[in-house]
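I am new to this structure and would like to go through it slowly. Could we take it as a series of questions and answers?

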Amino acid sequence: MLDTAPDTARRPDAKDEHDDPPPHESGRPAILRADAWRDMLRYLRPQRRRIALGGGLSLLGGFSGLIQPVIAKSVVENLEARSPVMAALIALTALVLVSAVVGAIGTFILMRVSESVVLSTRREVIRRVLWLRVAETDKIPPGDLMSRATADTTLMRSAVTTAIVETVNGAVMLVAILVLMGFMDWVLLLTTLAVVLLGGVLVATGLPQLESAARRAQEGVAELSTALERALGTFRTIKASGAEESEAEVAEQGARRAWRHSLKVARLDSLVGAFITVTIQVAFLAVLGVGGARVASGAMSLGSLIAFLLYLFYLVPPLGALVTAMIRFNVVAAAMSRVSELLRLRTEPESPAPARMTHTPSTPASLTFEDVVFRYPGDGPVVHHGISFEVPAAGMTAFVGPSGAGKSTVFSLIERFYEPESGTVRLDGQDIRDLELGALRAAIGYVEQDAPVLAGTIRDNLCIGMPYVDEGELRRVVDQARLGELVGRLPHGLDTQVGHRGTKLSGGERQRVAVARALLRRPRLLLLDEVTSQLDARNENALREVITGITAETTVVVVAHRLSTVSTADRIVVMDGGRIRAVGTHEELLSEDALYRELAATQMLLPVSQLEASAARASDTLGERP
Ligand SMILES: Nc1ncnc2c1ncn2[C@@H]1O[C@H](COP(=O)(O)OP(=O)(O)OP(=O)(O)O)[C@@H](O)[C@H]1O
């Protein structure tokens, strides 16, 4: 019944039969199991006392349970001999209670340890994820990263309670029960061992299949999480394109993969459970036969046979625990290796907590690129072919060029999101690799191309990374970025929620929030990547005035396509195909650079009259040349 349920959602074109790893996983070295367990031990070490205490109490609970058949035996023998049994019955009841309470306390302590291990893993994973190098985030999709941080770390919980403690407890209990059985009757012990060992060999043959099924189920969960992250990240586009069905299919593919392999695990799991029961039943029948004959021959008492049979059923929990532990070991190993893989991604050095902000105006920084060659990690083409340029302190420099020329990448290199293959980037003449990363970024205000806004309030968005901002400073940047009117209109002013990725704001409002956030830092170098593209003429003019106004205390570098933004720049750098093509003012470039003229005529909407005049001037200049 259960097996057919998800098939009702299965589409005829479903392509979920492939079990290849997701494309992003190819080529990545698999983390060795040994590394994964080394990481696990690192988390377990601080908890060793609690593990010992919890494990000890669980064991004590189990042992006190073990004495029960001995007392039961004396009750039966006393009954046979018509002796009083009250004392033995009271002792039996007390033992049951003590073993239950002690066992429960031990279990709680172990579960607490498990939760603590999960917490420490998650804390390390969180810190790793947030300090990852930008280049590393290109390797694993965010959905997969989230799945490792949540689903895989959750699976590690069973490493403590099930895999480790139950192995030890199960093994100790098993040995103790077998010893007690041996004291009762060694012939019956050998009979039991023969049956149990046969069963154990059969169970062991199924374990490798179980491990691979568990790993594939976890990869299916990661696939699902990646697909949902992708869809939710572009939710409106998905809706507008009517792509819900196809995106659902991609996510369902991951879900079905997880379901299919989890079923395999469940099937093997339940088979193993049933197998243990059958093994014990077979052992029971064998012991009953052999034991009955020995009681009849007087080789053992009936009480000993009953106690032996009770011990036989006592074998079920430790045997079950050992087998379950083996199963969980495999599941945990797969989860831990995915987490360990994440822990081995390269991170940036952690920067110190942000200091209280100063109100003093900053001094503008100069910027130099010297023969910088860069390509994105992987086997992609070279993006910058040895570019060199200078941006003097103060003033505004604009980067223009066709799409894909490498303009935004210039900003990524300044922020050290990536490192050049060769060449040097200098801030105030100093190689930025010699600067402390936190200090470098603190000196820079950066507004990304799509002006990201985070879920939360406008205040949260402005103060991100700056917990100690006073109201006066906030008002300053709100006015500068022309946000005053919007904040005044909103029901809760600066404390209005902006929705997931700022969806409750217009594109232009998001851009202004992002600009205000950058201005609040009073940066020495302000990098603006097409920040006026969505502003109306009035707001664009106003913002341009603000940007022009701060060029005395901040060096402003903009990437822009709009003529209105570019033409007011002190210098313009024209990039094409990863090279610097020309540098000059708007007027100089109009007359000297054909590409700039073309850009001006098309992307920048230059009035045709102005273009014709510039072209005429250019040909006059050429004509005048000797
Ligand atoms: N993370 C990345 N990984 C690989 N290649 C990238 C990455 N980001 C950008 N590129 C490639 O690098 C080249 C330069 O991109 P860049 O964003 O710097 O161009 P741009 O001049 O800013 O373009 P636009 O004006 O369209 O924003 C492009 O060919 C782009 O495809």
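The questions below concern a predicted model, and they go from the protein overall to its nonpolar cores and annotated spans.

Me: How many helices and strands does the protein have?
Reply: The protein has 626 residues, of which buried residues make up 36%. Its secondary structure comes to ten strands and 22 helices.

Me: Among contacts between residues at least 6 apart in sequence, what share joins residues at least 24 apart?
Reply: The contacts in question are those in the protein between residues at least 6 apart in sequence. Of these, the share that joins residues at least 24 apart is 79%.

Me: Between which domains does the largest nonpolar core lie?
Reply: This core holds 68 residues, and A398, V400, V515, A516 and L527 touch the most other members. Helix α17, residues 507-520, gives the largest share of the core, seven residues. Because residues of the core come from both domains, it lies between domain 2 (367-451 + 514-583) and domain 3 (585-626).

Me: Which residues does L527 touch, leaving out those up to four places away in sequence?
Reply: L527 is one of the core members that touch the most others. With residues up to four places away in sequence left out, L527 touches F411, I414, I444, G445, Y446 and V557.

Me: How far apart are the end C-alpha atoms of residues 84-113?
Reply: An unreviewed UniProt entry annotates several spans as "transmembrane region", including residues 84-113 and 186-207. Residues 186-207 are 100% helix, and their end C-alpha atoms lie 31 Å apart. Residues 84-113 are 93% helix and 0% strand, and the distance between their end C-alpha atoms is 46 Å.

Conventions: Residues are numbered from 1 along each chain as its sequence is written. This is a predicted model: local features need pLDDT of at least 70, side-chain atom pairs count only at pLDDT 80 or more; totals for chains, interfaces and linings use all residues. A nonpolar core is a set of buried Ala, Val, Leu, Ile, Met, Phe, Trp, Tyr and Cys residues joined through C-beta atoms within 7 Å. A residue is buried if 20 or more other C-beta atoms lie within 10 Å of its own, exposed if 12 or fewer, and partly exposed in between; C-beta atoms are placed from the backbone. Helices (H or I, at least four residues) and strands (E, at least two) are DSSP runs, numbered from the N terminus. Domain bounds come from an automatic or database domain assignment. Two residues are in contact if their C-beta atoms, placed from the backbone, lie within 7 Å. UniProt positions are given in the numbering used here, feature names are shortened, and annotations may be inferred rather than shown by experiment.
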